[in-house]
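Biologist: I would like to take one careful look at a single part of this model, and to follow it outward from there. Please go slowly, as I am new to reading structures.

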Number of protein chains: 2
Amino acid sequence: MANETMKFTRLEEMGQLARKAETQLAQLSNQQRNDGLAAMADALVANTDAILAANQQDLTNATDLKASFVDRLTLTADRINDMAEGMRQVAQLPDPIGSVDKMWKNEAGLMIGKQRVPLGVIGIIFEARPNVTADASALSYKSGNAVMLRGGKEAIQTNIAISDVLRKALKQLGVDENAVQLVHDTSHEVANEMMALTGYLDVLIPRGGRGLIQRVVSTAKVPVIETGAGNCHIYVDQYAELQMAVDITVNAKVQRPSVCNAAEKLVIHSAVADEYLPVIAAALADQGVQLRGDERACAIVPSMVPATAADWDEEYNDLIMAVKVVDSEDEAIAHINAHNTKHSEAIITDNYQNGQRFLQQIDAACVYINASTRFTDGFEFGFGAEIGISTQKLHARGPMGLHELTSTKYIIYGDGQVRK
Amino acid sequence: MANETMKFTRLEEMGQLARKAETQLAQLSNQQRNDGLAAMADALVANTDAILAANQQDLTNATDLKASFVDRLTLTADRINDMAEGMRQVAQLPDPIGSVDKMWKNEAGLMIGKQRVPLGVIGIIFEARPNVTADASALSYKSGNAVMLRGGKEAIQTNIAISDVLRKALKQLGVDENAVQLVHDTSHEVANEMMALTGYLDVLIPRGGRGLIQRVVSTAKVPVIETGAGNCHIYVDQYAELQMAVDITVNAKVQRPSVCNAAEKLVIHSAVADEYLPVIAAALADQGVQLRGDERACAIVPSMVPATAADWDEEYNDLIMAVKVVDSEDEAIAHINAHNTKHSEAIITDNYQNGQRFLQQIDAACVYINASTRFTDGFEFGFGAEIGISTQKLHARGPMGLHELTSTKYIIYGDGQVRK
């Protein structure tokens, strides 16, 4: 056991094992990959007691952690069942691998096809949610990728238990168990080493709070897909319907305030602010939202706290919303583009041109007319899964499902062509 | 002028100017972008004398450089015309921006469209070819991206002259000239600073030799698209036609040996090696190719130089080819996957299953049946342009044209939807 632990702190060796597993994985059929997912799901349920015992160790050690943190860390038999059910649902999704997106004949007569292939080896760095171990393993496996997981130290016993169960299930099927590997050493040094593991990791996806993501982005040598930060805006245009503005603003703010697609800012046109803002503010206050207004907003709704300059860039992830009054859609767009995190933005309007202009000019992964920003989600988009929400422009932007865990290769059919 | 130079060594300010230009660029119509390209092309030709004078300064300073290097650095009126013609051809290409790749209705009734948008700001780090300044500016501008260029110090006067001409042409059209910016300070410190310019550069594309690319990959914090390295193989299967094997091997090796899609290795099945290898070797020798064989290859063609272990990983970019004899397709595939740079690989075979297996199991950007690897090229693929050939799996793989310089955003049409 000591030797095993030693072995798994050696990241380069893990990288070599992952590359070896990748080669086998790339050749598995969709049915074989689905069988693996079913076996892993069954094994999770069958080993509920062992996983809960490991989780109990982590919880015993978690004495000085916040209640919300402990909640994310805590597993129950139901939660383990949910993880297994999630794996089975991933198995039901269409095969993301092998399809040829397009094929054409070039001037030399070559048939050139662009085929979907796995990315290779995916690194995931995450915090305290042990369900990420199962979720990320399922999505990686379904898409033919090997995965290297590094979770927070607070969940290490649980993550070891879960990953051991998944690996054993794969091994029993005759699949290379290194398709799923967990980094057992949770030190920062080893995390930094993992972020520099070019040559073995094709991409690194951090999952967690802003601090983790920023640390990975600024440290990693491996290509990173930046996820998560969401300073999202609702812009209530002068041509907005009042009731729709109320419903969408309240939904975007309070339906689940802790997540990245929740709205943090309300921008409202001065032509309707006097009439609409008191109604919207009252509806938000009813839900316990603290409002922070610019000078004009505070003049209309005096109960608002005056906003500071820092408010416009802050992601509260809480029942707080800052409000700005603008005199034109242009001013709204300029404000949003200057302060948003390129995640999700919405306009409420009945004016065709204003809606189209907002869609075109706002720089964000997801831009909405007359809908809540809370829809930015792989499941809501119909992808059937989500590994995160990319706020960068390279490779993937917006909700990432199985498709975003793939790459392509050109397959080219010739009959003796040489280049002239 | 001194102030201007000072200003343009300040990378962060350049980044801010690029972001500002990006906002304007994203709103230009295809016709406006094409007008800009035409104006830049005309300006290059109109300023031929000034550009040649600057080039002469660089050449005067280039006393201790290799002849091939000086050749790449040297401009003539014809070469400037070619640059201008290249810009005009880019203008003819279809608009890569604005199209909606797909649009669907989700369960909540939202219409979700995935629209092509510019990446934003593209950084290019390159060596001595001043035509990169014009080429990269044209491709970036056509795709609605601002570009920040950093060329080698040997070409700095030429690059300043070209970029000044391009910027002035844009300014005269009323376009933000910071769509094209050149880093005037060619020190390594400033190059390193540019590679760390996250927040301002959306992607960094190195163009040049292996040393440059490796330095960028290992130094950059900005996401890099790795290009160029090509240790490409031709595998002559036991079911290959001899004449096709000769023609393709010779073409792939000698048609332009200095480029990344030229073949460096010949792998041949032992069942045909005795008959085929002497013929292929003679054809290659006729073209001045030095052959380096493994033990079995040397036994068949004794004039071959014995290959060393290092040969299998080397990219010669020269009239040299190493030859390995294998006993099965599996052995060929394992050898190629162990030593290739994931660029371009070809099998010569008349056997259906062997061809399909090779396509599926080889891990490379481009995998060919019965064609020369020299076709891996944006123009040959029909993209009408090429910014490089990606050998990584994230974002872009294989020849990169205008499409690869774009990202997407989701545009979402609702009618009041809120999340339940």
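Biologist: Which residue of β10(B) is the bridge partner of B:Arg292?

Modeller: Please keep in mind throughout that this is a predicted model. The bridge partner of B:Arg292 in β10(B) is B:Val305. This pair belongs to the contact between β9(B) and strand β10 (residues 305-306) of chain B, where two bridges join the strands and the direction is parallel. Strands of a sheet pair through backbone hydrogen bonds, either parallel or antiparallel.

Strand β9 (residues 290-293) of chain B also pairs with strand β11 (residues 320-326) of chain B, again in the parallel sense, and here over four bridges. Within that pairing, B:Leu291 has B:Met321 of β11(B) as its bridge partner. B:Leu291 is thus bridged to β11(B), while B:Arg292 is bridged to β10(B).

To see a sheet of this kind as a whole, it helps to turn to the one that begins with the strands of chain A. Ten strands form an open sheet with mixed pairing, and their order is β10(A)-β9(A)-β11(A)-β8(A)-β7(A)-β12(A)-β13(A)-β16(B)-β2(B)-β1(B). Its edge strands are β10 (305-306) of chain A and β1 (100-105) of chain B, each of which pairs on one side only. Inside this order, strand β8 (residues 263-269) of chain A runs parallel to strand β11 (residues 320-326) of chain A, and five bridges join them; there A:Ile268 stands opposite A:Val325 in β11(A).

The sheet passes from one chain to the other where strand β13 (residues 366-371) of chain A meets β16(B), the two running parallel and being joined by five bridges. One pair to look for at this crossing is A:Val367 with its bridge partner B:Ile411 in β16(B).

That crossing leads to the interface between the chains, in which 67 residues of chain B are in contact with 67 residues of chain A. The area buried between chain B and chain A is about 5600 Å², and carbon and sulfur atoms give 50% of it. In chain B, the residues that lose the most area to chain A are B:Leu394, B:Tyr410 and B:Arg419, which together make up 15% of what that side buries.

Polar and charged groups take part as well, for 50 residue pairs are found in polar contact across the interface of chain B and chain A. Several elements of chain B each supply at least two residues of the side that touches chain A, among them β2 (111-118), α11 (242-254) and β16 (406-417). The largest share, eleven residues, comes from β16(B). By class, the side of chain B that touches chain A has 31 nonpolar, 20 polar and 16 charged residues. Eight salt bridges are found across the interface, and B:Glu404 forms a salt bridge with A:Lys114, with the closest N and O atoms 3.9 Å apart.

How are the two chains related to each other? Chain B can be laid on chain A with an RMSD of 0.1 Å by a turn of 180 degrees and a shift of 0.0 Å along the axis, which is the relation of a two-fold axis. Of the residues of chain B, B:His395 comes closest to the rotation axis, its C-alpha lying at 1.8 Å. As 100% of the interface residues of chain B are also interface residues in chain A, the copies meet through the same surface.

Technical notes:
Residues are numbered from 1 along each chain as its sequence is written. Chains are lettered from A and ligands numbered from 1 in the order in which they are written. This is a predicted model: local features need pLDDT of at least 70, side-chain atom pairs count only at pLDDT 80 or more; totals for chains, interfaces and linings use all residues. Side-chain values use heavy atoms; hydrogens and water are left out. Contact means heavy atoms within 4.5 Å. Buried area is the accessible area (1.4 Å probe) that two parts lose on being put together, summed over both. A salt bridge is a side-chain nitrogen of Lys or Arg within 4 Å of a carboxyl oxygen of Asp or Glu. A polar contact is a pair of N or O atoms within 3.5 Å; within protein, one must be able to donate a hydrogen and the other to accept it, and residues adjacent in sequence count only if both atoms are side-chain atoms. Ala, Val, Leu, Ile, Met, Phe, Trp, Tyr, Cys and Pro count as nonpolar, Asp, Glu, Lys and Arg as charged, and the others, Gly among them, as polar. Two strands pair if DSSP finds at least two bridges between them. Copies are superposed by least squares on the C-alpha atoms of residues with pLDDT of at least 70 in both.
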